[in-house]
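Let's take a walk through this one together. Have the sequence and the model open side by side, and follow along as we go.

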Amino acid sequence: MDKNILLELKNLTKIYREGLEQNKVLNGVNLKISAGSFNVFIGPSGSGKSTLLNLIAMLDKPTEGQILFEGKDLVPLTDKQMM
């Protein structure tokens, strides 16, 4: 792992399900954010910006993929372990 990488998203996918319908909001997102960097997410309404930020903040869990913070995968952690 690159010591400068603070946050890494690997193959991040989020699907919202309502009954039989599925809405794939994020599909296989890969991203590396270096410590001390400034990052901006821009795009039209409905493009998944808020969903991405909610996943990064662990307010929601991805359907698939990994969220690595300082090399540790946060996705399998329970709410208690996140504290």
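What follows starts with the overall layout and then moves to individual residues.

First, a caveat to keep in mind: this is a predicted model. The chain contains 2 helices and 4 strands, and if you read along the sequence they come in the order β-β-α-β-β-α. Strand 1 covers residues 5-18, strand 2 runs over 21-34 and helix 1 over 49-56. Further on you meet strand 3 at 64-69 and strand 4 at 72-73.

For a sense of scale, the C-alpha atoms fit in a box of roughly 45 × 30 × 20 Å along the principal axes. There are 83 residues, of which 25% count as buried. The chain exposes about 6,000 Å², with 51% of that coming from carbon and sulfur atoms. As for how the chain folds back on itself, take the contacts between residues at least 6 apart in sequence: 50% of them join residues at least 24 apart. The charges come to 10 positive and 9 negative, and the mean positions of the two sets lie 4 Å apart.

Now for the charged pairs. How many salt bridges does the structure hold? There is just 1, and it is formed by the side chains of lysine 14 and aspartate 60, at 3.4 Å from N to O. The two partners come from distant parts of the chain, 46 residues apart: lysine 14 belongs to strand 1, while aspartate 60 sits in the loop between helix 1 and strand 3. Is lysine 14 buried or exposed? Lysine 14 counts as buried, because its relative accessibility is 8%, under the 20% cut-off. Aspartate 60, at 24%, counts as partly exposed.

Stay around lysine 14 for a moment and look across to helix 1, where you'll find threonine 51. Some 37 residues separate threonine 51 from lysine 14 along the chain, yet their C-alpha atoms are 8.0 Å apart. Setting aside neighbours within four places in sequence, threonine 51 is in contact with Lys14, Tyr16, Val25 and Leu26. Threonine 51 has a relative accessibility of 12%, so it counts as buried.

One step back along strand 1 from lysine 14 is another threonine, threonine 13. With a relative accessible area of 3%, threonine 13 is buried too. Which residues does threonine 13 touch, not counting those up to four places away in sequence? The list is Lys24, Leu26, Asn27, Gly28, Pro62, Thr63 and Glu64. Leu26 is a contact of threonine 13 and also of threonine 51.

Helix 1 also holds lysine 49. At 27% relative accessibility, this lysine counts as partly exposed. Beyond residues up to four places away in sequence, lysine 49 touches Phe41, Ile42, Gly43 and Pro44. If you look from lysine 49 to lysine 61, 12 residues along the chain, the C-alpha atoms are separated by 15 Å.

One of those contacts, Ile42, leads us to the surface. Isoleucine 42 lies in the loop between strand 2 and helix 1. Why does isoleucine 42 count as exposed? Its relative accessibility is 74%, and the cut-off for exposed is over 50%. Together with Phe38 and Val40, Ile42 makes a nonpolar surface patch of about 420 Å².

Finally, a look at the backbone. Most residues other than glycine have a negative phi. Against that background, check methionine 58, where phi is positive, near 60 degrees. Methionine 58 lies in the loop between helix 1 and strand 3, and with 15% relative accessibility it counts as buried. Glutamate 70 also has a positive phi, near 50 degrees. Glutamate 70 is in the loop between strand 3 and strand 4. Is glutamate 70 buried or exposed? Its relative accessibility is 54%, so glutamate 70 counts as exposed.

Key:
Residues numbered from 1 in each chain as written. Predicted model: local features only at pLDDT ≥ 70, side-chain atom pairs only at ≥ 80, totals over all residues. Heavy atoms only, no water. Patch = residues over 30% accessible without salt bridge, like charges linked within 9 Å, V, L, I, M, F, W, Y side chains within 5 Å. Areas by Shrake-Rupley, 256 points an atom, 1.4 Å probe, with all protein chains shown as cover. Salt bridge = Lys/Arg side-chain N within 4 Å of Asp/Glu carboxyl O. Buried < 20%, exposed > 50% of the residue type's maximum accessible area, 1.4 Å probe, protein only. Contact = heavy atoms within 4.5 Å. Lys, Arg positive; Asp, Glu negative; His and termini not counted. Charge placed at Lys NZ, Arg CZ, Asp CG, Glu CD.
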